[in-house]
Amino acid sequence: MDNNKDFEKLIKNDRDLHQARSWRGNLLGYLDEVKADPSIAKLAHARLYDVIMKIGVRDIQDSGDPHVRRLYKDESIKVYDFFADEFFGIEKTVSQIVRYFHAASLKGEESRQVLYLMGPVGSGKSSLVEKLHRGLEDSEPFYAIEGCPMFEDPLHLIPRHLRKEFEKMLGVHLEGDLCPVCRYRLKEEFGGRYASSSAAKIFPSWTSTPKAIHES
Ligand SMILES: Nc1ncnc2c1ncn2[C@@H]1O[C@H](COP(=O)(O)OP(=O)(O)OP(=O)(O)O)[C@@H](O)[C@H]1O
Ligand SMILES: [Mg+2]
């Protein structure tokens, strides 16, 4: 019985915390949020790169381990702590992957390319992707158009001919178009009034659990 109370308390605290951090509003409200902190509108590559870098990075030679020196000679290879506890001996591959996310986050050519992992059976391809997935799940919340199956950025609602001006006012780069579902809803539900479309803050770790469970 006592156990039941503990579970109930844990669930209630989690729900209260979630509610306290939640945000819901229309596009205009979201624009105010972006103006106050343009980093909330960062795109997927930059988000993932920040998740990786947040934990820390060091040079493989800094460990002073003679085995490492023998294996890598004086080669300077970065070790990303985000991966270091789970993956061993693939520092060069991990470095390449992080370099891809870095370049893409700076809007280089890589941002338009697909990252393709190729390697022998059991070499960690799926595990690397799962690790990135978990990193994103635990990362900070992002904002999305409410009801969008792709959780797309509410900034997609801004029509192309106004984007230059919005970019200047907000200090962020705008790209991407509305998905077909949002385009349909904008026309049918909001009568084309994009400023009234609703947006909400999404907590990645909550998106994997059905809404009804959170609200029960
Ligand atoms: N460099 C590594 N360090 C630690 N564990 C590793 C490493 N490479 C693979 N593993 C482990 O080996 C197992 C198999 O890896 P995984 O399933 O990710 O391989 P895969 O490349 O996706 O294989 P497949 O081609 O069969 O899909 C996992 O448990 C993974 O954690
Ligand atoms: Mg696999």
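Here is a short walk through the structure, from its confidence values to its sheet and its ligand.

Keep in mind that this is a predicted model. The mean pLDDT of the protein is 89, with 94% of the residues reaching 70 or more. One stretch to treat separately is residues 210–216, where the pLDDT is below 50. Beyond near neighbours in sequence, that stretch has 3 contacts in the model.

Now let us turn to the sheet. Strands of a sheet pair through backbone hydrogen bonds, either parallel or antiparallel. Here, 3 strands make an open sheet, and following its order takes you through β1-β5-β4, with antiparallel pairing. Strands β1 (24–26) and β4 (142–145) are at the edges with a single partner strand each, so one side of each has no neighbour in the sheet. On average, and ignoring direction, neighbouring strands are turned by 30 degrees against each other.

If you look at β4 and β5 (residues 198–202), you will find 4 bridges joining them in the antiparallel sense. As an example, Ala144 has Ala200 in β5 as its bridge partner. Packing on this sheet is helix α2 (residues 27–36), which touches β1, β4 and β5. The direction of α2 makes about 110 degrees with that of β1.

Finally, visit ligand 1. Among the residues surrounding ligand 1 are Phe87, Phe88, Gly89 and Ile90, and also Gly119 and Val121. The run from Gly122 through Ser123, Gly124, Lys125 and Ser126 to Ser127 belongs to these surroundings too. By character, the shell around ligand 1 holds 4 nonpolar, 7 polar and 1 charged residues.

How values were computed
Residues are numbered from 1 along each chain as its sequence is written. Chains are lettered from A and ligands numbered from 1 in the order in which they are written. This is a predicted model: local features need pLDDT of at least 70, side-chain atom pairs count only at pLDDT 80 or more; totals for chains, interfaces and linings use all residues. pLDDT is the predictor's confidence in each residue, from 0 to 100. Two residues are in contact if their C-beta atoms, placed from the backbone, lie within 7 Å. A residue is near a molecule or strand if its C-beta atom, placed from the backbone, lies within 6 Å of it. Ala, Val, Leu, Ile, Met, Phe, Trp, Tyr, Cys and Pro count as nonpolar, Asp, Glu, Lys and Arg as charged, and the others, Gly among them, as polar. Two strands pair if DSSP finds at least two bridges between them. Helices (H or I, at least four residues) and strands (E, at least two) are DSSP runs, numbered from the N terminus. Axes are lines fitted to C-alpha atoms, for helices over the stretch in contact, and angles run from 0 to 180 degrees between N-to-C directions.
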